[in-house]
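These are my notebook entries on one chain, written while I looked through the model. I took one topic at a time and put down what I found.

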Amino acid sequence: MSAEATTNERASILLVDDMEDNLIALEAVLGSLNEPLVRARSGEEAMKALLRQHFALVLLDVRMPGMDGFETAANIKRLDQTKDVPIIFLTGADDDSGYAFRGYATGAADYLTKPFDPWVLRAKVTVFLDLHRKNQQLERLLAQEQADYGEVGTRLVELEAALEGNTPDLPALRERVRELRQLVARGRL
């Protein structure tokens with residue numbers, strides 16, 4: 001689906017790693033998804049990027065100078081605007097075994113060790129992109145349902161006002177009732 005995604009459906013992925021080689025490897029693995037890949041070389045850069053634009057997913061290195069991955073994740077989860085963005089931690093295989101626990105405790109959705117299997121990483125990212133698109137679709141449906149509900153309310157008020165008149169126009173009232181039925185049937189309100 002990602003190759004067919006329209007501009008509005010494209011889901012940016014934030015790649016956070018202080019090592020250029022790792023960023024190049026991530027871009028090589030994820031490039032075939034045809035989604036915007038945005039680089040950040042530090043936790044600070046990642047936070048700036050997250051405040052500038054919306055991301056479907058963050059791939060975050062654990063060990064970085066300055067603000068490490070755990071601090072960055074904690075900051076991401078602390079902000080209302082970014083708290084729901086899933087994070088996949090990436091770390092070296094020789095890192096402390098407690099890192100995985102700490103990563104999940106910080107709010108990670110997943111945790112992979114380097115060197116990672118490109119197929120596994122791409123599959124995991126694809127799942128998160130699909131979830132992101134489904135959430136967007138649900139938000140659009142909810143907004144449409146709320147708009148339809150408001151329109152039904154407005155039309156009911158108009159009907160009530162028309163019924164309070166001295167000589168109601170029955171054919172016009174029947175037409176309004178028919179339109180309301182169609183609106184309700186469309187939205188299943």
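**Entry 1: a phenylalanine in a helix**

Is Phe128 buried or exposed? I am working from a predicted model, and in it the relative accessible area of Phe128 comes to 14%, which is under the 20% limit, so I noted Phe128 as buried. I placed Phe128 in helix α5, and, leaving out residues up to four places away in sequence, I listed Leu57, Pro86, Ile88 and Ala109 as the residues that Phe128 touches. One of these contacts I followed further: Phe128 and Ile88 are 40 residues apart along the chain, while their C-alpha atoms are separated by 9.8 Å.

**Entry 2: the sheet**

I next traced the strands and found an open sheet of five, in the order β2-β1-β3-β4-β5, with parallel pairing. At its edges I noted β2, residues 37-40, and β5, residues 110-114, each of which pairs on one side only. Averaged over the sheet, and with direction ignored, neighbouring strands are turned by 20 degrees against each other.

I then looked at β3 and β4, which pair in the parallel sense over four bridges. Along this pairing I wrote down that Val58 stands opposite Ile87 in β4, and that Asp61 stands opposite Leu90 in β4. I also checked how covered β4 is, and found that five of its six residues are buried.

**Entry 3: helices against the sheet**

Which strands does α2 lie across? I found α2 across β1, β2 and β3, running at about 165 degrees to β1. For α3, I noted that this helix packs on the sheet and touches β3 and β4, its direction making about 175 degrees with that of β4.

**Entry 4: nonpolar cores**

In soluble globular proteins, nonpolar side chains tend to be buried together, and I therefore searched for such groups here. The largest nonpolar core has 21 residues, and the members that touch the most others are Leu14, Val16, Leu50, Val58, Leu60, Ile87 and Phe89. When I asked where the members come from, I found that β1 (13-16), α2 (43-52), β3 (57-61), α3 (69-78) and β4 (87-92) each supply at least two residues, and that α2 gives the largest share, with four residues.

I took Leu50 as one member to examine: not counting residues up to four places away in sequence, Leu50 touches Leu14, Phe55, Val58, Ile76, Gln81 and Thr82. Apart from the largest core I recorded another core, of 19 residues, with Leu26, Leu57, Leu90 and Val125 among them.

**Entry 5: aromatic rings**

How many aromatic pairs does a search of the whole structure find? I counted four. In one of them, the rings of Phe70 and Tyr99 have their centres 5.4 Å apart and their planes at 85 degrees, so I entered the pair as edge-to-face. This pair links distant parts of the chain, as Phe70 belongs to helix α3 and Tyr99 to helix α4 (residues 98-106), 29 residues apart. Phe70 is itself buried, with a relative accessible area of 3%.

Another pair, Tyr104 with Tyr111, is tilted, at 6.3 Å centre to centre and 45 degrees between the planes. Its two residues fall into separate accessibility classes: Tyr104 counts as partly exposed at 43% relative accessibility, whereas Tyr111 counts as buried at 13%. I added that Phe70, Phe89, Tyr99, Tyr104 and Tyr111 form one aromatic cluster.

I also looked for a charge over a ring, and noted that Arg122 lies over the face of Trp119, at 4.8 Å from the ring centre.

**Entry 6: further along α5**

Where is Leu159 placed? I found Leu159 in helix α5, residues 118-163. With a relative accessible area of 9%, Leu159 is buried, and, leaving aside its neighbours within four places in sequence, I listed its contacts as Leu173, Arg176, Val177 and Leu180. For the separation between Leu159 and Trp119, 40 residues apart in sequence, I wrote down 59 Å, C-alpha to C-alpha.

Technical notes. Residues numbered from 1 in each chain as written. Predicted model: local features only at pLDDT ≥ 70, side-chain atom pairs only at ≥ 80, totals over all residues. Heavy atoms only, no water. Core = buried A, V, L, I, M, F, W, Y, C linked by side-chain atoms within 4.5 Å. Buried < 20%, exposed > 50% of the residue type's maximum accessible area, 1.4 Å probe, protein only. Contact = heavy atoms within 4.5 Å. Pairing = 2+ DSSP bridges. Axes fitted to C-alpha atoms, helices over the stretch in contact; angles between N-to-C directions. Phe/Tyr/Trp six-rings, centres within 6.5 Å; stacked < 30°, edge-to-face > 60°. Lys NZ or Arg CZ within 6 Å of the ring centre and 35° of its normal.
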